[in-house]
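Colleague: Could we go through how the helices pack and what sits between them? Please keep the reasoning short.

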Amino acid sequence: MDYSYPFSIDWSTEEIVEVVKFFEGIEMAYEKGISRDEMMARYRKFKQVVPAISEEKTYFREFEEESGYASFPVIKELKASAIGPMIKMSR
């Protein structure tokens, strides 16, 4: 991993940690898979820090440019899948 995570200097340390955990979940979804429940918990905490859709899209785009991992397809799969299964994405 040779990239940085997007964040705002206006966020508290706890908020930055929650956003980083969310993006680590996105990475896991592509690399080895993550449980739907775990990813949903991370996404809910992310949304508490970044409630606006426009802001979410900005951070998703920044993360994809840095890492190559697209967040939107993971969230789409997360919302469409039933409770319980693993979320495993392919690049």
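Modeller: This is a predicted model. H1 and H2 pack with their axes 9 Å apart, at an angle of about 140 degrees.

Colleague: Which word describes how H1 lies to H2: parallel, antiparallel, perpendicular or oblique?

Modeller: The angle between H1 and H2 is about 140 degrees. Roughly antiparallel requires an angle over 145, and roughly perpendicular covers 65 to 115. The H1 and H2 pair therefore counts as oblique.

Colleague: Is the crossing of H1 and H2 left-handed or right-handed, and how many charged residues does their contact have?

Modeller: H1 passes H2 in a left-handed crossing. On the H1 side the contact includes Glu 15, Glu 18, Phe 22 and Ile 26, and on the H2 side it includes Met 39, Arg 42 and Phe 46. By class, the H1 and H2 contact has nine nonpolar residues and one polar residue, and the charged ones number six.

Colleague: How many charged residues are in the contact of H2 with H3?

Modeller: The axes of H2 and H3 are 10 Å apart, and the angle is about 115 degrees. H2 passes H3 in a right-handed crossing. Tyr 43, Phe 46 and Lys 47 in H2 meet Ile 53, Glu 56 and Phe 60 in H3. The classes here are four nonpolar, no polar and, for charged, two.

Colleague: Lys 47 is part of that contact. Is Lys 47 buried or exposed?

Modeller: Lys 47 lies in helix H2, which spans residues 36-49. Leaving out residues up to four places away in sequence, Lys 47 touches Ala 52, Ile 53 and Glu 56. The relative accessibility of Lys 47 is 18%, and the cut-off is under 20%, so Lys 47 counts as buried.

Colleague: Which helix supplies the largest share of the largest nonpolar core?

Modeller: That core has 26 residues, and those with the most contacts inside it include Phe 22, Phe 23, Met 39 and Phe 46. At least two core residues come from each of H1 (13-31), H2, H3 (53-67) and H4 (71-80). The largest share is six residues, and the helix that supplies them is H1.

Colleague: Val 74 is also among the core residues with the most contacts. Which methionines does Val 74 touch, not counting residues up to four places away in sequence?

Modeller: In soluble globular proteins, nonpolar side chains tend to be buried together. With residues up to four places away in sequence not counted, Val 74 touches Ile 26, Ala 29, Tyr 30 and Ile 87. The methionines that Val 74 touches are Met 39 and Met 89.

Key
Residues are numbered from 1 along each chain as its sequence is written. This is a predicted model: local features need pLDDT of at least 70, side-chain atom pairs count only at pLDDT 80 or more; totals for chains, interfaces and linings use all residues. Side-chain values use heavy atoms; hydrogens and water are left out. Helices (H or I, at least four residues) and strands (E, at least two) are DSSP runs, numbered from the N terminus. Buried means under 20% relative accessible area, exposed over 50%, partly exposed in between (1.4 Å probe, protein chains only). Contact means heavy atoms within 4.5 Å. A nonpolar core is a set of buried Ala, Val, Leu, Ile, Met, Phe, Trp, Tyr and Cys residues joined through side-chain atoms within 4.5 Å. Axes are lines fitted to C-alpha atoms, for helices over the stretch in contact, and angles run from 0 to 180 degrees between N-to-C directions. Angles under 35 degrees count as roughly parallel, over 145 as roughly antiparallel, 65 to 115 as roughly perpendicular and the rest as oblique. A crossing is left-handed if the near helix is turned anticlockwise from the far one by less than a right angle, and right-handed if clockwise. Ala, Val, Leu, Ile, Met, Phe, Trp, Tyr, Cys and Pro count as nonpolar, Asp, Glu, Lys and Arg as charged, and the others, Gly among them, as polar.
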